[in-house]
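The following exercises concern the surroundings of a bound ligand. Please study the sequence and the structure before reading each solution.

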Amino acid sequence: MYEELALYIDGEFRQGSEGQGERVLNPATEDELGFLPHASTSDLDAALDSGERAFQEWKETSAYERAGILWKAGELMRSRSDDIGRTMTQEQGKPLAEAVMEVKVSADIFQWYAEEGKRAYGRIIPSRLPGTRQMVLREPVGVVAAFTPWNFPAVTPARKVAGALGAGCSCILKPSEETPGTALALARALVDAGLPKGVLNVVFGKPAEVSRHLLASPKVRKVTFTGSIPVGKELTRLAADGMKRTTMELGGHAPVLIFDDVDVSKVVPIIAGGKYRNAGQVCISPTRFFVQEKVYDEFVSKFSEHASGLKMGNGLEEGVTMGPLANRRRIDAVDELVSDAQEKGARLTTGGERAGNQGYFYKPTVLADVPDEARIMREEPFGPVAPMQSWSDIDEVMEKANGLEFGLAAYAFTTRSERAARVSDGLQSGLVGVNHCALSFAETPFGGVKESGHGHEGGIEGLDAYLTSKFVTQMDG
Ligand code: NAD
């Protein structure tokens, strides 16, 4: 069972007007799951017109009424989570339990923004002019163009769509063409919950062509993107031409600092859990391991043991703890980084190669003694690879941790609070996890600094992203 693929434009699930499209593959088997229609230019124009019309009505709809629909959509997603999870595993590869959990988290996000939309408070500012009232009103920014990637096919659209709709915006979503079924399943839940037509449109196509067309339209007032840094920069440039607001959730290369006061046996499963979740294709995945000298050998050995004990396979099979990579590009990219590190002197302790020749499986990999010159210490691996180095000087290791253009997530593991405080204060990162790796919740802000992007999703910041302030001053007439 796989989701029926379609565009969703102006309240209708339909095919593209010019018959273009592409095949969607299962990364575990390389079998075709379905044919995804592409939107033509006129389909995109229809989505823009529909989004603009719907925005005028949706912003006038009370936050309470909007909340009722978003809340119900969340309930439907939760009740359908097994089926939607199955769709996700088939198109993306992650183990079914992870996929079902992601759908439930997405349901949470919709319900959280259902509530938060009611709290788009403005304020009254005491006036210096007699007989004058000064008010700040919060208004939805307008039609939102949202672009989401393939690694979290439910949560990335949920964060954008729920925030936008909760704030009173309409949204044109372009999910990844590699994982379209999950986003369509979320759209169907919203439709079944009573979302008026045009408040959400879902389109697919050649990503660069779709984004160029949508961003050229004056109807779009906000652009939100999750994906790689080069694409984020390109979209920011396009948005600048129309002075559109942007939220950019881009790549990361998260340092993880392990101090010698930790109980290695206790922290390894926590960190390895974070590393190999979704086969490492996570923007906040721990990716540069800096381990203090005294515990380095023990850490490398226990971590490697944990990695080699993971059960890799088709995510639909019972007991599988790591699925395939989501597409063939990742196999080549990861393999290149691993070979480069080995050529430069890194020691492979486990994995380091593709598994089999059907499906995009890459073995959980650990590289020890990785020199700074290895590309993997600078380039985001976005795969199941853990490169490790030992350290002895805290200032040096902090400099390394902060030495890249990335600034999304960072981690520290220590039992001493002064070390925890020093590291969390000193790390140039939008998110810091101390002694655990769970950084993303509906109610907490998520976003990076430096080239990892700007703006936030999640939390009150994730509503603010879709609101603008209007100042009204009124003198007694
Ligand atoms: P990519 O840069 O080609 O694409 C990344 C995502 O952006 C895809 O979902 C794609 O559909 C979309 N995209 C690409 N060009 C676009 C455009 N011009 N307009 C709108 N959307 C566009 O790379 P990829 O091979 O799919 O992924 C590789 C890299 O992307 C990874 O190494 C990682 O750095 C990054 N990535 C990051 C995240 C994240 O959560 N931040 C998610 C997926 C990929």
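**Exercise 1.** State how the shell around the ligand divides by class.

Solution. The shell has eleven nonpolar, seven polar and four charged residues. Here Ala, Val, Leu, Ile, Met, Phe, Trp, Tyr, Cys and Pro count as nonpolar, Asp, Glu, Lys and Arg as charged, and the others, Gly among them, as polar. The model is predicted: local features need pLDDT of at least 70, side-chain atom pairs count only at pLDDT 80 or more, and totals for chains, interfaces and linings use all residues. Residues are numbered from 1 along each chain as its sequence is written, and side-chain values use heavy atoms, without hydrogens and water.

**Exercise 2.** Identify the residues closest to the ligand and the polar side-chain atom of Ser211 with its partner.

Solution. Step 1: 22 residues surround the ligand (a heavy atom within 4 Å), and the closest are Trp150, Ser211, Ser228, Arg329 and Glu380. Step 2: a polar side-chain atom of Ser211 lies 2.8 Å from a ligand nitrogen atom. For Trp150, the partner of such an atom is a ligand oxygen atom at 2.8 Å; Arg329 likewise has a polar side-chain atom 2.8 Å from a ligand oxygen atom.

**Exercise 3.** Explain why the ligand lies between two domains.

Solution. Domain 1 (7-250 + 451-475) and domain 2 (254-441), with bounds from an automatic or database assignment, both give residues to the shell, so the ligand lies between them.

Key: A polar contact is a pair of N or O atoms within 3.5 Å; within protein, one must be able to donate a hydrogen and the other to accept it, and residues adjacent in sequence count only if both atoms are side-chain atoms.
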